[in-house]
Amino acid sequence: MRMRALLAAIGVVGAMVPMAVQATADTIVACQAPTVDMEFEQAYIDETRAGGEPILETLQDGTLLWGSHAGTTHFYSPTVADQTSAAFVQNYEGQTYQYWSDDDGATWHFSPRNAIQSAEQGSLAGVNNSGFSDPVFAEDMAGNVFISEINLANIAVSKSEDSGRTWTLQNFFGLTVSDRQWMAADEEDVVYMTANGFGGGSLGNTVPGAGNLGNYIYKSSDGGVTWSRGHSTGGSSSSDIKVDWNTGAVYQPQQSNGLRLAVWPNARAEDFSSTPTVEYHTIFDGYRQQSSIGPTIELDDAGNIYATWDQDSGNADYPPGIYFAASQDGGKNWTEPVRVDEGPEHSFWPWLEVGAEGAVGIAWLENENVIPSENAEDAAADSGWHVMAAQTFDAFGNDDADCDVAGFNVVQASTAPVHHGTVCTGGTVCQARAVDRRLGDYFGNEIASGGGMVIAVSDTQQGGSVALPLGIRQVAGPSFTEPGVILTRD
């Protein structure tokens, strides 16, 4: 096998390694990476609206949904005079922006919500300000789609019964005095949400849930209209959650003396009126968090779990970069962490999606240079940030090929840098420190129904005080949903 693949498997790519290093019988062996490169094309999906911190969701019917930030707290004052700042003010509605695509991201359609209807609260019918930041989608098994979004210190929840074309407001105050929510759905109208409560949240519709301080999980059994009292997740901050439709178990990755997985194995059966059963399993005890959003996970149709995270230099055995591990037994046991990026350039903000079993795509942001402090907020003003993408079909290793961990093929997905200079990793306080926050805290990717990777990213290259929504989609290369099939350009 190639030396770089071996070094990637043991987590030392990018470090100075003596040529005397030899593989032994017990060395962790990385599988052969795909030999055909993914190819991408890109285009703005909208040049009149802000597009910070975008998120994607592929629905059961093949529709792709896109949600992005309205720009309110992703506003960069030093560039306010630029004429392209009109993207912020021209169409601002006080709520996040949603788009849908029925052709795997080739074209996008804006979903206006200025006439949003209220399911239970007639006095709020037609309200515009349902939420201006942090949109998150979830689809239940019946095909209902939910979106949650933050309005000031509260989290609103809306529902769509037509794959995101139109929306109905379920609850303007789904959670109160809470921040950075994540959401997942299970059986019809069953929705889970985690969020960081502060200063007394969340009241929601159940007073017994008041006073939560920290990261809490909630359950709704009526499509987000009402919510249970909150229960501590045991984690220090909110990370993306997922539901296994085979078992009803809910999963959340957490930083807690390393990287672990919180599991609510009986979430489907429990009503959350009392503390639900929760278990914790270690993913990687050498985890040292780099970016503010933390690790992300995804499940395939068989219930296998996949995780990715960015690592700082706090662990000498695992140099800073993008890492990956996977589990086939509900998170109890995990593959050895494998480094995905090729370094030594600064990489962070990974997001992960899966197609067929074992087929994984990871996207992240990578600077053109090494940043000595390993802090994106210290990037040089002229240093560019590219979107990178990686692909593997052997997430759990491959017994037939006698290899232990995934081998990834890495390509540059963006044709030009999507951003130059500093990137905020400290939240809204960056505004006061003149650190560029236009990108938000993350960007997302999905596997489209046609088998290609689609990436939603914020782009600042037109200038202006906010980022624009840029779509990057795979147009050729190996299919994620049909291993062995090579997609070709039309």
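In the predicted model, Cys-31 has a relative accessibility of 3% and therefore counts as buried, since the limit for a buried residue is under 20%. The residue to which Cys-31 is joined by a disulfide is Cys-403, with an S to S distance of 2.0 Å. Cys-403 has a relative accessibility of 7%, so this partner also counts as buried. The torsion about the S-S bond of Cys-31 and Cys-403 is about 90°, and the disulfide is therefore right-handed. The pair connects distant parts of the chain, with the two positions 372 residues apart in numbering. Cys-31 lies in the loop between α1 (3-10) and β1 (39-44), whereas Cys-403 is placed in the loop between β25 (384-392) and β26 (409-412).

A search of the whole structure gives two disulfides. Besides the link of Cys-31 and Cys-403, a disulfide is formed by Cys-424 and Cys-430, whose sulfur atoms are 2.0 Å apart. The link of Cys-424 and Cys-430 is right-handed, with 80° about the S-S bond, and both of these cysteines are buried. When the bonded cysteines of the protein are numbered in sequence order, the pairing reads 1-2, 3-4.

Attention now turns to the strands. In general, the strands of a sheet pair through backbone hydrogen bonds, in either a parallel or an antiparallel manner. One open sheet in the model consists of four strands in the order β11-β12-β13-β14, and the pairing is antiparallel. At its edges lie β11 (178-185) and β14 (231-232), each of which pairs on one side only. Within this sheet, β12 (residues 191-197) and β13 (residues 214-220) are paired in the antiparallel sense over seven bridges. The bridge partner of Tyr-192 in β13 is Lys-219.

Tyr-192 also belongs to the largest nonpolar core, which has 38 residues. The residues with the most contacts inside this core are Phe-137, Trp-182, Tyr-192 and Val-250. At least two residues of the core are supplied by each of the strands β7 (133-139), β8 (145-151), β9 (154-160), β11, β12, β13 and β17 (259-264). Another core, of 26 residues, lies apart from this one, and its members include Val-387, Phe-443, Val-457 and Leu-470.

Terms used:
Residues numbered from 1 in each chain as written. Predicted model: local features only at pLDDT ≥ 70, side-chain atom pairs only at ≥ 80, totals over all residues. Heavy atoms only, no water. Pairing = 2+ DSSP bridges. Core = buried A, V, L, I, M, F, W, Y, C linked by side-chain atoms within 4.5 Å. Buried < 20%, exposed > 50% of the residue type's maximum accessible area, 1.4 Å probe, protein only. Disulfide = S-S within 2.5 Å.
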